[in-house]
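Q: I would like a close look at one part of this model, centred on a single charged side chain and the elements around it. Please take it step by step and connect the local picture to its surroundings.

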Amino acid sequence: MSDACPHRRAPLSEGRIDPDGQIECPYHGWTFQGGDGACTKIPQAENGGDAPMLARCGGAAYPTVEKQGIVWVWGERLAPGAPQPLESLVPTCEAMDDDRFVWIDVSRDMPYSADMLLENVLDSSHVPFTHDSTISKRENALPLKLKLTSPIAPAGFRGQQAAPPVFTGRATERTTAFRAPAYMHHRIRSSGGVEKGATPTEEDFEAGFETWTVAYATPTGPGRCRLMARFPFRFPEPVPPSGLLGLRMPRINPPKLAFRLLPDWINHMGQLKVGRPPPRACQP
């Protein structure tokens, strides 16, 4: 529902969900159905209000759906009898539906518009400088040439950065996607062991490490937005050691286990450092 009671415009978000599952206004206690905004009770009216009165007092409701822990709202009210919007329009991240991944979530209010945020996050060449000493280093800066793998269209685009040659037994694959108007991701995969000069296969990448940077941006006002960032990780599965009599021991993935057990507050403290490198001395 719109965050305004149709009676005196009090913010419904400051109310509560009553024992019957209705949205209760914090000002006069009017209650509403979340699905269609229909008013179900007016405590100040006789018997809570008759049907004609309640029919005149409904609030604005919008279609919503929850996907991967994020609530999506269709920005227009539907006419009576109109079909529901297609849930397939919601941009989801494939890694979030894969049990092999663990992830960190970060949410921040930003002092610039959603389109500016996504445009800048898509350009990952900022990482060595903006995030120096946290997740990258200045000396890691290098040209990042993106080759489009789909046409640029109103719905978005996909691209891939040229894979560097194999020198250390591992190759890296970097892909990028933008799904208008609110989603982008960078996906980075490193292969398992590959001979020098060999072309890595899909099996090689599946045996290696994989990380995603996923960003959603939603406007919160003129020149402001909320960033919802997600960082899925997939760690290579270890080979289980052999036990007594050649029996296989349980397979434990220490990095994956650490991600699952690490308290959220520790993750939040680490994320607060991102983008805030330590001060450097300046020459007079």
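What is the relative accessibility of E202, and how does E202 count on that basis?

A: The model is a predicted one, and what follows should be read with that in mind. At 43% relative accessibility, E202 counts as partly exposed, because the value lies between the 20% under which a residue is called buried and the 50% over which it is called exposed.

The side chain of E202 takes part in a salt bridge with R189, where the closest N and O atoms are 2.9 Å apart. This pair links distant parts of the chain, since R189 belongs to strand β11 while E202 belongs to helix α4 (residues 202-206), with their positions 13 residues apart in sequence. R189 is buried, its relative accessible area being 2%, whereas E202 is partly exposed. Salt bridges with shared partners bring both residues into one network, whose members are D98, R100, E173, R189, E202 and E206.

Within that network, D98 and R100 also form a salt bridge, and there the closest N and O atoms are 2.8 Å apart. D98 has a relative accessibility of 22% and so counts as partly exposed, and R100 is likewise partly exposed, with a relative accessible area of 32%.

The strand that carries R189 is part of a wider sheet. This open sheet has seven strands in the order β7-β13-β12-β11-β10-β9-β8, and their pairing is antiparallel. Its edges are formed by β7 (102-110) and β8 (146-148), each of which pairs on one side only. On average, and ignoring direction, neighbouring strands in the sheet are turned by 20° against each other.

In the order of the sheet, β11 stands between β12 and β10. Strand β11, residues 183-190, runs antiparallel to β12, residues 210-221, and seven bridges join the two. Along this pairing, H186 has T213 of β12 as its bridge partner, and I188 stands opposite T211 of β12. On the other side of β11, the loop between β10 and β11 contains P181, and the peptide bond joining A180 to P181 is cis, with omega at about 0°. Most peptide bonds are trans, which is the reason to note this one here.

Moving on from β12, the next pairing is with β13, again antiparallel and spanning nine bridges. Y216 stands opposite M228 of β13 in this pairing. The two strands form a hairpin with two residues between them, and G223 in the turn has a positive phi of about 70°.

A helix lies across this part of the sheet. Helix α2 (residues 114-122) crosses β9 (156-161), β10 (172-179), β11, β12 and β13 (224-234), and its direction makes an angle of about 165° with that of β12. The residues of α2 that are buried are A114, L117, L118, V121 and L122. Viewed down the helix axis, these residues fall within an arc of 125°, so they line one face of α2. An α-helix has 3.6 residues a turn, so positions three or four places apart point the same way. The cover over the buried residues of α2 includes β9, β10, β11, β12 and β13, while the face turned away from the buried side carries the exposed residues D115 and E119. Strand β11 therefore has two roles in this picture, as it holds R189, the partner of E202, and is also among the elements that cover the buried residues of α2.

For comparison with the pair formed by E202, another contact of this kind can be followed elsewhere in the chain. The count of salt bridges comes to 13. One of these joins the side chains of K67 and E87, at 3.2 Å from N to O. K67 lies in strand β5 (residues 64-67) and E87 in the loop between β6 (70-73) and β7, so this pair ties together parts that are 20 residues apart in sequence. K67 has a relative accessible area of 26% and is partly exposed, and E87, at 45% relative accessibility, is partly exposed too.

To return to the starting point, E202 is a partly exposed residue whose salt-bridge partner R189 is buried.

Conventions. Residues are numbered from 1 along each chain as its sequence is written. This is a predicted model: local features need pLDDT of at least 70, side-chain atom pairs count only at pLDDT 80 or more; totals for chains, interfaces and linings use all residues. Side-chain values use heavy atoms; hydrogens and water are left out. Two strands pair if DSSP finds at least two bridges between them. Helices (H or I, at least four residues) and strands (E, at least two) are DSSP runs, numbered from the N terminus. Axes are lines fitted to C-alpha atoms, for helices over the stretch in contact, and angles run from 0 to 180 degrees between N-to-C directions. Contact means heavy atoms within 4.5 Å. A salt bridge is a side-chain nitrogen of Lys or Arg within 4 Å of a carboxyl oxygen of Asp or Glu. Buried means under 20% relative accessible area, exposed over 50%, partly exposed in between (1.4 Å probe, protein chains only). The arc is that of the directions from the helix axis to the C-beta atoms.
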